[in-house]
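Okay, thanks for having me, everyone. I'll put the structure up on the screen and then walk you through a few spots in it.

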Amino acid sequence: MESGDHVQELRGRTPRVTAAMVAARAGVSTATVSLVANGKTRGRVSEDNISRVQEAIAELGYVVDSIGSSLAKGISSIVILVAPDISNPFFAKVIAGVRGALGADYQLLLSVTDAGEFPRVDDVRRLLALRPAGLLVDAPSAAFLDELSVAGPLVLLDAPGLESFAPSVNLDVGHGARLLARHLADAGHKRAAYVDSVTGTATFEIRRAAFLAESAALGIAVAPDHVIGTTIDVGAAASAFAAAWPAWQRDGVTAVVCATDTHAYGVLQEARVAGVRIPQELAVAGFDDLPYSATSSPGLTSVHLPGDALGAKAGEQLLRLMEGKGLEEPQLILQSSLIVRGSTEPAGT
């Protein structure tokens, strides 16, 4: 491109509309434009000037740079949510809960990773340069929090065992795992397998450990080679189950528990391909109780984890901290429950 063409291209671009341009069009000061644009006119700007500024804003297409102005003042309306493995549909419920709790005064910014990876501290630190009003961290590790060392308002979600770092809202996933083991024991299962997540966060470690311990106490054997792990992905879980199932079947495995419903969907999918009857030959269960679990064929037995309430409570706690208020209960625990459906219990039982 010739230099003259480049200059012509730049000239053809629409310039950013500034408050000064609006002020000139309306015949008022930039301070008046700021008051009108930010809804702070009461007792300070005449109706005539409000009307003129609003007309100029509409004509020029002026947009308030709320983030830029807040950063210039050393404050921000941004809240950052750090979450591992956003491919997990469970996070949609968490995000909706957070968004509802924060309201319209804050912008929610997500710091997420690819499947199977945990957010890196350096990536989060770059976002902290935006001077967020608060930070939410979902399913962190102690090492991550040690390295991050945040000074501002911070609330942890689904971070069992890390309560000493910051206020937190946790899910009692261990309770749900034990309920699931009891359900399978009552149904007569003696050998089971477990499909885990490879994310490596504490919540998955607790699910697995609680299920294995309760199973052993109830007489259900889960051999070491009957525990496998994949990313939270239907296809990955289906492939892993397809590779493991022939040996599991020879070993007498009659139940497969999955760390998430997403894993369980993969197992159900591959079981149908292999002609395995669910639940007559193989019981399948998961964690999360995603919406599709109620309508899948068969319906998926799942440990219900209240993701929307998790996000909402964490958002409420953070909001109080950002407003300089104390927390009556810095550590909250939300109960899990077991939803039994056709994937573990034949119809009519």
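So, which helix gives the largest share of the lining of the largest cavity? It's helix 10, with three residues. One thing to keep in mind as we go: this is a predicted model.

Helix 10 runs over 202–217, and helix 6, at 90–102, is also in on this, because each of the two supplies at least two residues of the lining. The space inside the largest cavity comes to about 110 Å³. There are 14 residues lining the largest cavity, and the closest to its centre are Asn88, Phe91, Asp138, Asp158 and Phe204. If you sort the lining by character, you get six nonpolar, four polar and four charged residues. And how many cavities of 30 Å³ or more does the structure hold? Just one.

Now for a pocket. The second largest pocket holds about 160 Å³ of space. Its lining is made up of Lys313, Glu316, Gln317, Arg320, Gly326, Leu327, Glu328, Glu329 and Leu332. Helix 13, residues 307–322, gives the most here, with four residues. What's the mix of residue types in that lining? Five are charged, two are polar and two are nonpolar.

Let's step back for the whole chain. We have 13 helices and twelve strands. The chain has 349 residues, and 45% of them count as buried. The accessible surface is about 16400 Å², and carbon and sulfur atoms account for 52% of that. Then there's the question of how far apart in sequence the contact partners are. Take the contacts between residues at least 6 apart in sequence: 71% of those join residues at least 24 apart.

Next, a pair of helices towards the start of the numbering. In helix 2, the buried residues are Val22, Ala23 and Ala26. Around the axis they cover an arc of only 100°, so they sit on the same side of helix 2. What do those buried residues pack against? Helix 3 and helix 4. Right after helix 2 comes glycine 27, with a positive phi near 75°.

Helix 3, residues 30–37, can be read in a similar way. Its buried residues are Thr32, Val33, Leu35 and Val36. Looking down the axis of helix 3, you'd see them fall within an arc of 165°, so they line one face of the helix. The cover over them includes helix 2, at 19–26, and helix 4, at 47–60. So if you're turning the model on your own screen, look at helix 2 and helix 3 together: the buried residues of helix 2 pack against helix 3, and helix 2 is part of what covers the buried residues of helix 3. Helix 3 is followed by a glycine too, number 39, and its phi is positive, near 70°.

Speaking of positive phi, two residues have it without being glycine. One of them is arginine 131, with a phi of about 55°. You'll find arginine 131 in the loop between helix 7 (121–128) and strand 3 (134–138). The other is aspartate 289, also with a positive phi of about 55°. Aspartate 289 is in the loop between strand 9 and strand 10.

Is arginine 131 buried, exposed or partly exposed? Its relative accessible area is 45%, so arginine 131 is partly exposed. For aspartate 289 the relative accessibility is 12%, and that's why this residue counts as buried; the cut-off for buried is under 20%.

Last stop: cis peptide bonds. Where's one of them? Between isoleucine 278 and proline 279, with omega at about 0°. Proline 279 belongs to the loop between helix 12 (261–273) and strand 9 (283–288). Another cis bond goes from serine 297 to proline 298, and here omega is near -5°. Proline 298 lies in the loop between strand 9 and strand 10, the latter at 301–304. That's the loop where we found aspartate 289 a minute ago.

Okay, that's what I wanted to show you. Feel free to turn the model around yourselves and find these spots.

How values were computed:
Residues are numbered from 1 along each chain as its sequence is written. This is a predicted model: local features need pLDDT of at least 70, side-chain atom pairs count only at pLDDT 80 or more; totals for chains, interfaces and linings use all residues. Side-chain values use heavy atoms; hydrogens and water are left out. On a 1 Å grid over the protein atoms alone, a cavity is a set of points where a 1.4 Å probe fits but cannot get out, and a pocket is an open set with protein on both sides within 12 Å along at least five of seven lines; lining residues have an atom within 4 Å of a point. Grid points are joined across faces, edges and corners, and a volume is the space filled by probe spheres set on the points. Ala, Val, Leu, Ile, Met, Phe, Trp, Tyr, Cys and Pro count as nonpolar, Asp, Glu, Lys and Arg as charged, and the others, Gly among them, as polar. Buried means under 20% relative accessible area, exposed over 50%, partly exposed in between (1.4 Å probe, protein chains only). The arc is that of the directions from the helix axis to the C-beta atoms. Contact means heavy atoms within 4.5 Å. Accessible areas come from the Shrake-Rupley method with a 1.4 Å probe; for residues, only the protein chains shown count as cover.
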